[in-house]
Amino acid sequence: MDSNLRNLKDFLTLYNKVTELCFSRCVDNLSQRDLGGQEDICVDRCVTKFARFNQNMMKVYVDVQTTINAKRMEEVEENARKAEQQQKEQEKERLKEAAATTVLTPVQPGVTGNLSM
């Protein structure tokens, strides 16, 4: 699912839950067209409470997520260093094995003298 669409869906879900909760807590009389004074104040306080809660929750989430991301980056960098070190060690071992198996053949010195045909 597209992230923008998911964000919109999450927002609308939260909006609907807050609306239902505040309505059920604050509205007592459904026969009036407008909210009564106490109902209006209750709805304002209820929505404000949830908006502040959501804002504080998002601040904490951002802080925690930043810390988690930093730890993940450190782990990735550490794993990359370990992999690089292992690769260097394997290369050294391969070179040692190649050097140990290499056979040097002596080169015969050139024949000096007067050989004519």
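**Note on the helix pair and its disulfides**

1. Helix 1 and helix 2 cross in a right-handed sense. The model is a predicted one. Helix 1 covers residues 3-26 and helix 2 covers residues 37-101; their axes come within 9 Å, and the crossing angle is roughly 145°.

2. On the helix 1 side, the contact is made by Leu-14, Val-18, Leu-21, Cys-22, Arg-25 and Cys-26. Helix 2 contributes Glu-39, Cys-42, Val-43, Cys-46, Val-47, Lys-49, Phe-50 and Asn-54. By class, the residues of this contact divide into 10 nonpolar, 1 polar and 3 charged.

3. The structure holds 2 disulfides. With the bonded cysteines of the chain numbered in sequence order, the pairing reads 1-4, 2-3.

4. One disulfide is formed by Cys-22 and Cys-46, with 2.0 Å between the sulfur atoms. This pair links distant parts of the chain, since Cys-22 lies in helix 1 and Cys-46 in helix 2, 24 residues apart. The torsion about the S-S bond of Cys-22 and Cys-46 is about -85°, so this disulfide is left-handed.

5. How buried are the two ends of that bond, Cys-22 and Cys-46? Cys-22 has a relative accessible area of 2% and is buried. Cys-46, at 6%, is buried as well. Both assignments follow from the cut-off, because buried means under 20% relative accessible area.

6. Cys-26 and Cys-42 form a disulfide, again with the sulfur atoms 2.0 Å apart. The pair links distant parts of the chain: Cys-26 belongs to helix 1 and Cys-42 to helix 2, and 16 residues separate them. About the S-S bond of Cys-26 and Cys-42 the torsion is about -65°, so this disulfide too is left-handed.

7. Is Cys-42 buried or partly exposed? Cys-42 is partly exposed, with a relative accessible area of 27%. Its partner Cys-26 is buried, with a value of 4%. The class of Cys-42 follows because partly exposed lies between the limits of 20% and 50%.

8. Taken together, the cysteines tie the disulfides to the helix contact. Cys-22 and Cys-26 of helix 1 are among the contact residues, as are Cys-42 and Cys-46 of helix 2. Cys-22 is bonded to Cys-46, and Cys-26 is bonded to Cys-42.

How values were computed. Residues are numbered from 1 along each chain as its sequence is written. This is a predicted model: local features need pLDDT of at least 70, side-chain atom pairs count only at pLDDT 80 or more; totals for chains, interfaces and linings use all residues. Side-chain values use heavy atoms; hydrogens and water are left out. Axes are lines fitted to C-alpha atoms, for helices over the stretch in contact, and angles run from 0 to 180 degrees between N-to-C directions. Helices (H or I, at least four residues) and strands (E, at least two) are DSSP runs, numbered from the N terminus. A crossing is left-handed if the near helix is turned anticlockwise from the far one by less than a right angle, and right-handed if clockwise. Contact means heavy atoms within 4.5 Å. Ala, Val, Leu, Ile, Met, Phe, Trp, Tyr, Cys and Pro count as nonpolar, Asp, Glu, Lys and Arg as charged, and the others, Gly among them, as polar. A disulfide is a pair of cysteine sulfur atoms within 2.5 Å. Buried means under 20% relative accessible area, exposed over 50%, partly exposed in between (1.4 Å probe, protein chains only).
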